[in-house]
Amino acid sequence: MYGDPDVHQLLALGARHHALHICTPREINVSRLIAWLLDPNEGHGLGDKALRSLLAQAGRSENAANLDLKTYRFLEPAKVHNLALSSLIVKTELNVLAKLPAKGKASAVKATERKRDLLDIVAIDPGLQLCVAIENKFGAAEGPTQLTRYMDGLANLFPKYTRIHIFLDKRDEVPGHEKWLGVGYGWLSEFLRSHEQSPSVAREGEGRQRPKKGAEWFDLYQRDLAPEAAVKEVLLRMTELQSSLKPLL
């Protein structure tokens with residue numbers, strides 16, 4: 001059978017070429033990659049551009065109209081463009097509910113639930129008194145009171161900070177809370193495409209093969225493939241970008 005050329009052709013057509021098309025990444029791993037990109041202290045050489053880009057995109061969300069005036073004005077494009085997030089701290093899986101007071105007879109149950117109530121990504125800038133919370137949805141459904149609990153926890157932890165709540169969803173779902181700003185994974189692809197020629201990425205290529213160009217990286221989006229395949233491809237390219245920068249660290 002294996003000597004039949006038709007069988008070989010069928011096997012070749014069925015071969016899969018990308019590891020991430022076989023095994024779906026866990027949400028926490030996706031969050032860690034995004035947190036790496038948002039952290040200006042990491043070795044990607046992009047500074048705070050990723051977070052400023054995300055804030056600008058969040059400011060265009062339909063729910064931005066529901067924000068208080070101070071927060072709404074903070075997200076104006078000109079102000080976001082001129083931000084200097086020099087003292088930014090980025091964390092993943094932050095238990096923002098740990099210091100909320102337990103109430104009533106259900107306190108024991110609530111204490112157990114808090115151990116699982118981990119906000120995916122939080123970026124804090126003490127100098128600007130800014131808190132950016134990101135709930136990353138990579139397949140899991142939104143809990144019925146999840147976003148409200150996160151908002152209450154952050155208000156308790158950072159009462160004097162400007163708090164921006166971003167709902168990052170691979171399927172562009174609308175958040176269940178009116179003050180969470182919906183952003184799709186299309187933002188991520190566009191940001192990576194526009195910054196592939198950054199100096200830190202460009203200078204790593206001396207004497208070595210350069211990573212693929214942005215047009216090749218995001219051809220899955222251009223061909224309108226399934227969201228899962230497009231997201232996996234973005235993650236693969238982010239991993240390649242991170243690997244290509246290792247000699248600079």
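This is a short dialogue on reading the sheet and two loop residues in a predicted model.

User: Let's start with the sheet. In what order do the strands run, and what is the pairing?

Analyst: In general, strands of a sheet pair through backbone hydrogen bonds, and they do so either parallel or antiparallel. Here, five strands make an open sheet, ordered E1-E2-E3-E4-E5, with mixed pairing. Strand E1 (89–94) and strand E5 (181–184) sit at the edges with a single partner strand each, so one side of each has no neighbour in the sheet. From one strand to the next, the twist averages 25 degrees.

User: How many bridges join E3 and E4, and in which sense do they pair?

Analyst: Strand E3 (residues 130–137) pairs with strand E4 (residues 162–169) in the parallel sense, over eight bridges. For one spot to click on, take Asn136, whose bridge partner in E4 is Leu168.

User: Which strands does helix H2 touch?

Analyst: Helix H2 (residues 27–38) packs on the sheet and touches E1, strand E2 (119–125), E3 and E4. The direction of H2 makes about 170 degrees with that of E1.

User: Now the backbone angles. Where is Gln129, and what is its phi?

Analyst: Gln129 lies in the loop between E2 and E3. Its phi is positive, about 50 degrees, although Gln129 is not a glycine.

User: And Asp172: which loop holds it?

Analyst: Asp172 is in the loop between E4 and E5. Asp172 isn't a glycine either, yet its phi is positive, near 60 degrees.

User: Is Asp172 buried or exposed?

Analyst: The cut-off for exposed is over 50% relative accessible area. Asp172 has 56%, so it is exposed. Gln129, at 36% relative accessibility, counts as partly exposed.

Conventions
Residues are numbered from 1 along each chain as its sequence is written. This is a predicted model: local features need pLDDT of at least 70, side-chain atom pairs count only at pLDDT 80 or more; totals for chains, interfaces and linings use all residues. Side-chain values use heavy atoms; hydrogens and water are left out. Two strands pair if DSSP finds at least two bridges between them. Helices (H or I, at least four residues) and strands (E, at least two) are DSSP runs, numbered from the N terminus. Axes are lines fitted to C-alpha atoms, for helices over the stretch in contact, and angles run from 0 to 180 degrees between N-to-C directions. Contact means heavy atoms within 4.5 Å. Buried means under 20% relative accessible area, exposed over 50%, partly exposed in between (1.4 Å probe, protein chains only).
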